[in-house]
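This report looks at how helices pack and where charged side chains pair in one protein chain. Please keep the sequence and the model in view while reading.

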Amino acid sequence: MLLMVGTGSFMYFKLNGNITSIPDDPNDHRPSAAGSHRPINVLLMGSDTRAGKNGGVVGGKVDGFGSADTAMILHISADHQHATVMSLPRDLVLQLPQCKTSGGRTVGGTVGQINWAYAYGGPLCSRKTVEQLTGIRMDHFIVLDFHGFVQMINSINGVTVCVPQTVNDTHGHINLKAGTYPVKGTAALDYVRERQGLGDGGDRSRITRQHAFISSMINKMESNGVLFNPASLYGLINNATKAITVDQGLGSVTKLLSFAESIKGIKPANVKFFTVKTQNYPPTMPNYRSWRYQLALVQPAASQEFAALANDTPVGGAATKPVSAATTPAVSGAGIRVTVLNGTSRQGLAAKAADSLRHRGFTIAGQPASARTRPTTTLIQYGTGQRAQAQTLAKLFPGAKLKPARVSVIRLTLGADYTAPAATPATKAPAAITNARSATRDICSGLTQGD
C-alpha cells in the first residue's frame, strides 16, 4: 500500500512538474467565470516556434513565441455533452489590440494578421485579440508546439489520414503519398501543416484537413480504449503535460483532470467543426495592395457565427436563447445622453458598447475613451435629475453600480465584469450553424475546399 501511495505521489509531482502555465496580466481585470453548468470556451493554439526541441522537428529559425500557426475556439456547451470547434484562419486580417511583450514593451494596436498577436505577446495577446474580435470570453487557453504535437500523436501510435493527391512540396519540404493510411511523428505534423500542395493552397482547405485529422484522433482514442487503459493513459498524459502551455486556470494536473472529467461525456458524433466565414481580401477594402493575398471576414455572417457560439446555439438546431436585444429588456435610450469609458485593459470595448447603445436609441456624447480607473464592477454615474435615465441604462448592464456625481451627461465606465456583445444587437435568436463538420464524417470527405 505504501509503495502504491508513494508511486502515485511520484507520478503526480512528475506530471505536475511537466506543465508550463502563464500567469494573467495583473492589469487585465478579467471577470470571474462562475457556475459549473455553463458553456466553456477554450482557445486552442499551435505555435510555429523553432526554439528548443522544435528546431529538431521542423527546420527554420522562428525563435521566441513564434506565430500562432493554428487557432481554434473550443466551445463546450452548457450541458457538457456537445462541443463545437470554430477555426480562425491564420491569414485573417483584423485590428490587433495593444499587448505587452515578455519584456514589458507595448506593441500592436494596428491592422495585421491574427497570428501576429501570438508573435507580439504570446498566448495572452492572442487571447485578447480573439476576445476583441468575437466578443466571447476565453475561459482558458492551451498551446501546443511542433515537438509536443509529434509526441502526443506518437503516444497513441499514430492517426489515420486521407491524402487526396501525392504531395511533393519543395517549399515546405513535405512529401506525402496519396491514399488513406496511418501517420505519426513528423509525417503527422507534415499532414496538418501542408498548404502548397493540397486544396486551394491557402489556410481554409488546410483547416478542413486539420478538422478531419482531429476527428480521426478522437475516434481512435474512443475506439481503442486509450482513456480506459492505465498504461496508455499515463503515457498520453505524460506527453500531453510536457507538450502544452496553459493559463493558470489549467496550470496543474488536478485542474487539467477536473476539466477533462467535466467533458468526458462528449461523444464523437456530438463534436462539430467549422471555419469562421471568410473571403479573399476584397479590392474594395482599405490597403488592398498590402493584404490582397490574405483573408477578411464575411459580414454579417461572421458576427452571426460569433453570436451563435456566445449564446450556446446548438449546431444544426434551433437557438436555445436569443442574442443581445432579445436576452435583455426592450430598452429604449431615446433622449438619454451617455459618455462611455473603458475601465479595462481590453482594447475597443468602449467602442463596442457605444455602438450597441446607439442601436437602442441612446445618444453617445463624445468619443469612447479609456478611463483613469480600473473598476471591478461597471459604474454608472448620473447628475441631478438623471437617476431615472441612469436606471434605464442600468437595465442593459446587470450588476452595475449607480452613483450620483457632478456630471452633466451620464457617465458609463465599463468594469472588468463587462463582456462586449459579439455583434450588433439582434432582433431574433442567431441562426444555427449548419455548415459544421461532424467528427464522425468520412475523413476523405470535402478535403479539397475549406469548410
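The protein chain contains 13 helices and 24 strands, and the coordinates come from a predicted model. Of the 451 residues in the protein chain, 48% are buried. Among contacts in the protein chain with a separation of 6 or more, 70% join residues that lie 24 or more positions apart.

**Helix faces**

Helix α12 spans residues 349-358, and its buried residues are L349, A350, A353, A354, S356 and L357. Because these residues cover an arc of only 160° around the axis, they sit on the same side of α12. The buried residues of α12 pack against three strands that precede or follow the helix in numbering, namely β18 (337-342), β19 (363-364) and β20 (369-370), and also against α13 (387-394) and β23 (410-414).

Helix α8, residues 253-262, has V253, L256 and F259 as its buried residues. Seen down the axis of α8, they fall within an arc of 130°, so they line one face of the helix. As background to such patterns, an α-helix has 3.6 residues a turn, so residues three or four places apart point the same way.

**A helix pair**

Two packed helices are described by the angle between their axes and the distance between the axes. For helix α4 (residues 146-155) and helix α5 (residues 185-193), the axes come within 8 Å and cross at roughly 115°. On the α4 side the contact is made by F146, F149, V150, I153 and N154, while α5 contributes G185, T186, A188, L189, V192 and R193. The crossing of α4 past α5 is right-handed.

**Charged side chains**

Side chains of opposite charge can pair when their charged atoms come close. The structure holds 6 salt bridges, and the table below gives some of them.

| Residues in the salt bridge | N to O distance |
|---|---|
| D91 and R90 | 4.0 Å |
| D139 and R137 | 2.9 Å |
| R206 and D203 | 2.9 Å |

In the pair formed by D91 and R90, both residues are buried. D139, the partner of R137, has 11% relative accessibility and therefore counts as buried, the cut-off being under 20%. R137 and D139 also belong to a network of salt bridges that includes R38.

R206 and D203 lie in helix α6 (residues 203-223), and because they are 3 residues apart there, about one helical turn separates them. Both ends of this salt bridge are buried, R206 with a relative accessible area of 2% and D203 with a relative accessible area of 5%.

Helix α6 also holds R209. Which side chain of opposite charge is nearest to R209, and how far away is it? The answer is E194, at 6.2 Å, and R209, although buried, has no salt bridge. When its neighbours within four places in sequence are left aside, R209 is in contact with Y191, E194, R195, L198 and L447. E194 is thus among the contacts of R209, yet R209 forms no salt bridge.

Methods:
Residues numbered from 1 in each chain as written. Predicted model: local features only at pLDDT ≥ 70, side-chain atom pairs only at ≥ 80, totals over all residues. Heavy atoms only, no water. Buried < 20%, exposed > 50% of the residue type's maximum accessible area, 1.4 Å probe, protein only. Helix = DSSP H or I, 4+ residues; strand = E, 2+ residues; numbered from the N terminus. Arc of directions from axis to C-beta. Contact = heavy atoms within 4.5 Å. Lys, Arg positive; Asp, Glu negative; His and termini not counted. Axes fitted to C-alpha atoms, helices over the stretch in contact; angles between N-to-C directions. Left-handed = near helix turned anticlockwise from the far one by under 90°.
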